[in-house]
Number of protein chains: 2
Amino acid sequence: MSPIVMKFGGTSVADLERINHVADLVAKQAETSPGGVAVIVSAMAGQTNHLVSLATGAAGAGVVGENFDDEYDVIVSSGEQVTSGLLALALRKRGLKARSWLGWQMPMLTNDIHGKARIRDIDGEAFSQAVGSGEIAVVAGFQGRTKEDRITTLGRGGSDTSAVAVAAALHAERCDIYTDVDGVYTTDPRIVPKAQRIEKISYEEMLEMASLGAKVLQTRSVEMAMNHRVPIRVLSSFAEVGADNSGTLVCDEDEIMEKQVVSGIAYSRDEAKISLLGVSNHPGIAADIFSRLAEANVNVDMIVQADARGPEQANMVFTCTERDSELAISVLQDAKSKIGFESIVVDRDVAKVSVIGVGMRSHTGVAKTMFDALSAKGINIQVISTSEIKISVLIDSSYTELAVRALHTAYGLDAES
Amino acid sequence: MSPIVMKFGGTSVADLERINHVADLVAKQAETSPGGVAVIVSAMAGQTNHLVSLATGAAGAGVVGENFDDEYDVIVSSGEQVTSGLLALALRKRGLKARSWLGWQMPMLTNDIHGKARIRDIDGEAFSQAVGSGEIAVVAGFQGRTKEDRITTLGRGGSDTSAVAVAAALHAERCDIYTDVDGVYTTDPRIVPKAQRIEKISYEEMLEMASLGAKVLQTRSVEMAMNHRVPIRVLSSFAEVGADNSGTLVCDEDEIMEKQVVSGIAYSRDEAKISLLGVSNHPGIAADIFSRLAEANVNVDMIVQADARGPEQANMVFTCTERDSELAISVLQDAKSKIGFESIVVDRDVAKVSVIGVGMRSHTGVAKTMFDALSAKGINIQVISTSEIKISVLIDSSYTELAVRALHTAYGLDAES
């Protein structure tokens, strides 16, 4: 009998009323989980921002980014501490055995990169025993401790990762991530009203969906779930207790009988296209450019190199997030003479649209369908990049919705009305 | 070279502006303290009340007082956690080495009476070494941990006790308690404008002052300071940095050269006088009555027994806090037939006024001065109780200010104008 892990984000525990609803959901789960229940909670919505602004105010501009992050973690981690205590109390009020577990108590051991620590290990015999004994463990998400006994946080969205790590450590049957939507959709329902909830999706597909802009799950948590083979279920924390709330199961590809060629359409507008024109082309030039960007922590996504005016000159085009684009340009401008190029052009009015599906591996014609559908709407493709299970195109951002809708229809994902 | 311990309460760290002022005071202290500095902080003013109301809301009426207190401690202790991180950052901003220390990190080991834990030990070699090395330790007050690694809190005002415990563990030169007044006064300056700041006061006198209603220091912290011979200084956290701020030193009696016969006048209006009339007088009756009250956790203060209508019947008069008086009456009414008495009369319009001074031990006539001064103002004394270093009288509460002023003058405590 394996335990069940449940995770609730900030909007799900925003106030005492919501916390009481969460307690009802947990109580219901506990009835049918003889292997035990562990619940991971975020801070009450808004609280983390409040604590961050206090910390930033106390540190002042001179300290941020220097030796700031360890105390930042002390301050910010208090938010999850409060909710874990509150939910434990709300469960006891319902006659259940429950207690809070803070990161240092389990312990959730991490490295010492404060503010964005990585989990090393959950070394928690007492914790596992408590869950096994039927006491509901309410775990403060997002936090851990170093081997020097200092508090760390896992970075934004770290509570999802906490939840998967706890599920892995407990060899849990499943990790249920309760959120403000009722599952993962074939695409953004705000753009495509006919988008459908996906019942099952593979880790690999979910990873692409998450990293390509579907904000339901954090990439890190999906990676960890894939590595430890922990099934994740995404479902709504706002559903009535006992209501149908099956959500989306993120699981091993083998457990999905009928594989879709394309499972979903993702998009991202946080893109900038940077073109280095007239680069003097010689061996090692790409390595030179992109190692400079990597050193500056610019995360480069798509890359295209093409000859320009003969083989001695190339145009080098790449994309990164809008936020990183200023930095990327200044890094390249500073090294202009060393790299050797004529000019830089940046275009921030671009969007990336991607089709994702493990079925692509065994089906041909997936790319053709995409290009046909976009062409039929007069949408020009600027850059293409592909992987085994996804095809991404960069387009003018004003065509984003049109492209997503066209592709959703073209791959047969529209719900029947 | 012994370290200096500084403690700041909730109003002293109420917002970032106040925290920055505290950081200035600490930075100034660090300049002249080669033995190191440890700072104990409370939660930001209002924060503890906010957290308590959340905890009480989550627990609901059914859980409070049952198995509530351990999670209450998890929730409430987060307030001091935040301020310790914030002050550490504000100190770093000033170029100083500083870090926060939470109760579990030092560790501040306590018993497991959650909500009002008692400190057992500070087992902190790493902590002492850090302070000795010149890194300012910013300690989250009011909190500790049990040997089972759970968080405890020390009860309201526990940060004073944390500070004294840290000072004792570090063999500190002194524990400076910064508060919203600039020292301990001969009496309440709101009642007697001619009240004077006391430069030095003995632990014993301060204990009496504290337990008799002077709210500057918690009784527990003074007891601990006396037991460990830690000098406490009470001074203002609102003073300008570098301004004269010598406050009041609470120290061993031997270190006070000129002992006052009477050092101060204290008063308390939180008193109720309960009279059991017509008690059938037999051996063991007082033990019977007061053991019942003790079992119900009623803290009885003054006691007077007198014959009533012959030696077979007595009137038993005692005082307790107003808050406890309802409980006391119901305990006694329930046992009326077993105890054997005619009626209960309660008077809540009473106040206790006390004169305190270690010099009383070697001076005669102290009581006479008191009774004369009260009599001259026509104030009737209802109950008298004395100890080696104090005399307390119970009077009609409407005469409180008049009595305090008369006594302040009679013992020569008025400042020269």
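Me: In this predicted model, what turn and what shift lay chain B on chain A?

Reply: A turn of 180° with a shift of 0.0 Å along the axis lays chain B on chain A, with an RMSD of 0.1 Å, and that is the relation of a two-fold axis. In chain B, the C-alpha nearest that axis belongs to Ser78(B), at 2.6 Å from it.

Me: How many residues does each chain give to the contact, and which elements supply the side of chain B that touches chain A?

Reply: As a general idea, the size of an interface is often given as the accessible area lost when the parts come together. Here the description is by residues: the contact takes 31 residues from chain B and 31 residues from chain A. On the side of chain B that touches chain A, the elements giving two or more residues are α1 (16-31), α2 (47-59), α3 (69-76) and α4 (78-93) of chain B, and the largest share, eleven residues, comes from α4(B). Because 100% of the interface residues of chain B are also interface residues in chain A, the copies meet through the same surface.

Me: What does the span of α4 in chain A look like against the expected one, and is the helix mostly covered or exposed?

Reply: Helix α4 (residues 78-93) of chain A has 16 residues and reaches 23 Å from its first C-alpha to its last, which is close to the 22 Å expected at 1.5 Å a residue. The helix α4(A) is mostly covered, since 15 of its 16 residues are buried, and it is followed by Gly95(A), whose phi is positive, near 85°.

Me: Which residues of α10 in chain B are buried, and where do they lie around the helix axis?

Reply: An α-helix has 3.6 residues a turn, so residues three or four places apart point the same way. In α10(B) the buried residues are Asp324(B), Ser325(B), Ala328(B) and Leu332(B), and they cover an arc of only 110° around the axis, which puts them on the same side of α10(B). The face turned away from that buried side carries the exposed residues Arg323(B), Glu326(B), Ser330(B), Gln333(B) and Asp334(B). What covers the buried residues includes β13 (264-280), α9 (285-295), β15 (313-320), α11 (336-339) and β16 (343-356) of chain B. As for its length, the 13 residues of α10 (residues 322-334) of chain B should span 18 Å at 1.5 Å a residue, and the end C-alpha atoms are 19 Å apart, which agrees.

Me: In what order do the eight strands of the open sheet in chain A run, and what is their pairing?

Reply: The order is β3-β6-β2-β1-β9-β11-β12-β10 (chain A), and the pairing is mixed. At the edges stand β3 (98-101) and β10 (200-202) of chain A, each with a single partner strand, so one side of each is left without a neighbour in the sheet. Neighbouring strands of this sheet are turned by 20° against each other on average, direction ignored. Within the sheet, β2 (residues 37-41) and β6 (residues 136-140) of chain A run parallel and are joined by four bridges, with Val41(A) standing opposite Ala140(A) in β6(A). Helix α7 (residues 203-211) of chain A packs on the sheet, where it touches β10 and β12 (248-251) of chain A, and its direction makes about 85° with that of β10(A).

Me: Which strands pair with β15 in chain A, and in what sense?

Reply: In a regular strand the side chains alternate between the two faces of the sheet. For β15 (residues 313-320) of chain A, six of its eight residues are buried, so the strand is mostly covered. Strand β13 (residues 264-280) of chain A runs antiparallel to β15(A) and is joined to it by seven bridges, among which Leu276(A) has Met316(A) as its bridge partner. Strand β14 (residues 303-307) of chain A also pairs with β15(A) in the antiparallel sense, over five bridges, and here Asp307(A) stands opposite Ala314(A). The hairpin of β14(A) and β15(A) has five residues between the strands, and in it Arg309(A) takes a positive phi near 45°.

Me: Where are the residues with a positive phi other than glycine, such as His171(A) and Asn297(A), and which peptide bond from Met106(A) is cis?

Reply: Most residues other than glycine have a negative phi, and most peptide bonds are trans. His171(A), with phi near 50°, lies in the loop between α6 (158-169) and β9 (174-179) of chain A, and with 13 C-beta neighbours inside 10 Å it counts as partly exposed. Asn297(A), with a positive phi of about 65°, has its place in the loop between α9 (285-295) and β14 of chain A, and is exposed, with 9 other C-beta atoms within 10 Å. The peptide bond from Met106(A) to Pro107(A) is cis, with omega near -10°, and Pro107(A) is found in the loop between β3 and β4 (108-110) of chain A.

Technical notes. Residues numbered from 1 in each chain as written. Chains lettered and ligands numbered in written order. Predicted model: local features only at pLDDT ≥ 70, side-chain atom pairs only at ≥ 80, totals over all residues. Least-squares fit on C-alpha atoms with pLDDT ≥ 70 in both. Contact = placed C-beta atoms within 7 Å. Expected span 1.5 Å × (residues − 1). Buried ≥ 20, exposed ≤ 12 C-beta atoms within 10 Å, placed from the backbone. Arc of directions from axis to C-beta. Pairing = 2+ DSSP bridges. Axes fitted to C-alpha atoms, helices over the stretch in contact; angles between N-to-C directions.
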